[in-house]
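Okay everyone, thanks for coming. I'd like to walk you through one model today, so have a look at it before I start talking.

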Amino acid sequence: MSRDMLTIGAFAKACRLSPKALRLYDELDLLRPSRVDPDTGYRYYAVEQLEQARLVAWLRRLGMPLARIRQVCALRPADAAHEIRAYWAQVEAETAARRDLAEFLVRHMSGTPRKDTTMLELRYSAHSDRGLVRPANQDTAYAGARLLAVADGCGPAGAPASSAAVEALRFLDTDELPAGNVLNLLEDAVQGATEAVRDAANGAEEDTGTTLTALLWTGSRLALVHIGDSRAYLLRDGALFRITDDHTVVQAMIDEGRLTPEEATTHPQRMLLLKALSPTAPATPDLRLQDAEPGDRYLLCSDGLSRVVPDAAIRHLLNSAPAPDAAVHALIAAANEAGGPDNVSCVVADVVEAAA
Ligand code: MG
């Protein structure tokens, strides 16, 4: 054996990676030993490989996924530097979003209920746009004094499905809310919406479905019902909080640690819904209650907005628009400026003190 060859143990010590990690990196084609003894299967590494091994160790310390490390290692140093900078910018953006969420939860869980008895009401606007590419609009957007809703239909009967789902909730948009716990009320309404979607599917049950994200105003709180990948956001004190999770296959893979958020943006199945309002499966929507504060601004939107307009731009547009109507139109214009690849629907509602 050449004097420049190191055993896996010596090499591991020199590059501060464990022999176990080195064996894994060999299997993943990330760092191949220079020579494998055909008789014993022992791995031997060349001294010149130390530099790459150390780079791998540093990138692991940054938390970079192995698939991305493999790409970086294949690049020339200048391109690798660019790639590392891009990765880190993404980590910081994600951390900022999680910091917002943590602040929201701290406020939410330590906050006392509103004591002042000012009457509050909603000011609202809704609009749905076909976008620039799709032949038809399968979204439905609705806003009323008590009910805000966005639905994004898919499949051959997507348009009637989304409209039937919203229509099935409209009995809630009344001055006299039916008695009973508001979350139970919403959950029952979703069962009604599921049946309405089944009727709307009209023979295409297998392939038809719709998302549904809706807020019901109780006078002091908002009850949220959510299924699919449409979204609800809250703008409070200038900060933007997303209050829904996307029910997509890739989000589930991220939650399980099988995929990073960055890998998800290019995953071939990123559009696949894990859950939706479908005629063939019972609906299991997310439900939650939001305490309302005067000055809160809510946004409901379909993925035609959130897939092409980054959260930072959404926050800016929501902050700068004076009224819900202006916000809705600015957001839809932003989606279409970004190519308008999908139908786009927005509902914006402000919590304001009721007019005397
Ligand atoms: Mg869509």
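One bit of vocabulary before the helices: when I talk about an axis, I mean a line fitted to C-alpha atoms, for helices over the stretch in contact, and the angles run from 0 to 180 degrees between N-to-C directions. And keep in mind throughout that this is a predicted model.

With that in hand, take helix 1 and helix 3, residues 50-61: their axes come within 9 Å and cross at roughly 60°. Angles from 65 to 115 degrees would count as roughly perpendicular and those under 35 as roughly parallel, so helix 1 and helix 3 come out as oblique to each other. The crossing is right-handed. Which residues of helix 1 and helix 3 meet there? From helix 1 we have Phe11, Ala14 and Cys15, and across from them in helix 3 sit Leu50, Ala53, Arg54 and Ala57.

Now the sheet beside that. We've got an open sheet of three strands, in the order 1-3-2, with antiparallel pairing. Strand 1 (5-7) and strand 2 (35-36) are the edges, and each pairs on one side only. Strand 1 goes antiparallel with strand 3, residues 43-46, over three bridges, and if you want a spot to click on, Met5 stands opposite Ala46 in strand 3. Helix 1, which covers residues 8-15, packs on this sheet and touches strand 1 and strand 3, with its direction at about 95° to that of strand 1.

Next, the metal. What coordinates the magnesium ion? Three aspartates do: Asp152, Asp303 and Asp342, each through OD, at 2.1 to 2.2 Å. Along the chain, the donors follow the spacing D-x150-D-x38-D. Asp152 is in strand 6 (residues 147-154) and Asp303 is in helix 10 (residues 303-306), so this pair ties together parts that are 151 residues apart in sequence. Are those two buried or exposed? Asp152 is buried, at a relative accessible area of 9%, and Asp303 is buried too, at 6%.

Moving on to another helix pair. Helix 6, residues 158-169, and helix 7, residues 182-201, have axes that come within 8 Å and cross at roughly 145°. Helix 6 passes helix 7 in a right-handed crossing. On the helix 6 side, the contact is made by Pro160, Ala161, Ala164, Ala165, Ala168 and Leu169. Helix 7 brings in a list that includes Ala189, Gly192, Ala193 and Ala196.

Last stop, strand 13, residues 297-301. How many of its five residues are buried? Five of the five, so to speak, and the strand is mostly covered. Arg297, Leu299 and Cys301 point one way, Tyr298 and Leu300 the other way, and all are buried.

Strand 13 has partners, too. Strand 10 pairs with strand 13 in the antiparallel sense over five bridges, and there Leu234 stands opposite Tyr298. Five bridges also join strand 13 to strand 14, residues 344-353, again antiparallel, with Asp350 as the bridge partner of Arg297.

And strand 10, residues 231-236, also pairs antiparallel with strand 11, residues 239-242, over four bridges. Arg236 stands opposite Ala239 in strand 11. There are two residues between the strands in that hairpin, and Asp237 takes a positive phi near 50°.

That's my tour. Happy to take questions.

Technical notes
Residues are numbered from 1 along each chain as its sequence is written. This is a predicted model: local features need pLDDT of at least 70, side-chain atom pairs count only at pLDDT 80 or more; totals for chains, interfaces and linings use all residues. Side-chain values use heavy atoms; hydrogens and water are left out. Donors are N, O and S atoms within 2.8 Å of the metal (3.2 Å for Na, K and Ca); water is not among the atoms, so sites may look incomplete. Buried means under 20% relative accessible area, exposed over 50%, partly exposed in between (1.4 Å probe, protein chains only). Two strands pair if DSSP finds at least two bridges between them. Contact means heavy atoms within 4.5 Å. Angles under 35 degrees count as roughly parallel, over 145 as roughly antiparallel, 65 to 115 as roughly perpendicular and the rest as oblique. A crossing is left-handed if the near helix is turned anticlockwise from the far one by less than a right angle, and right-handed if clockwise.
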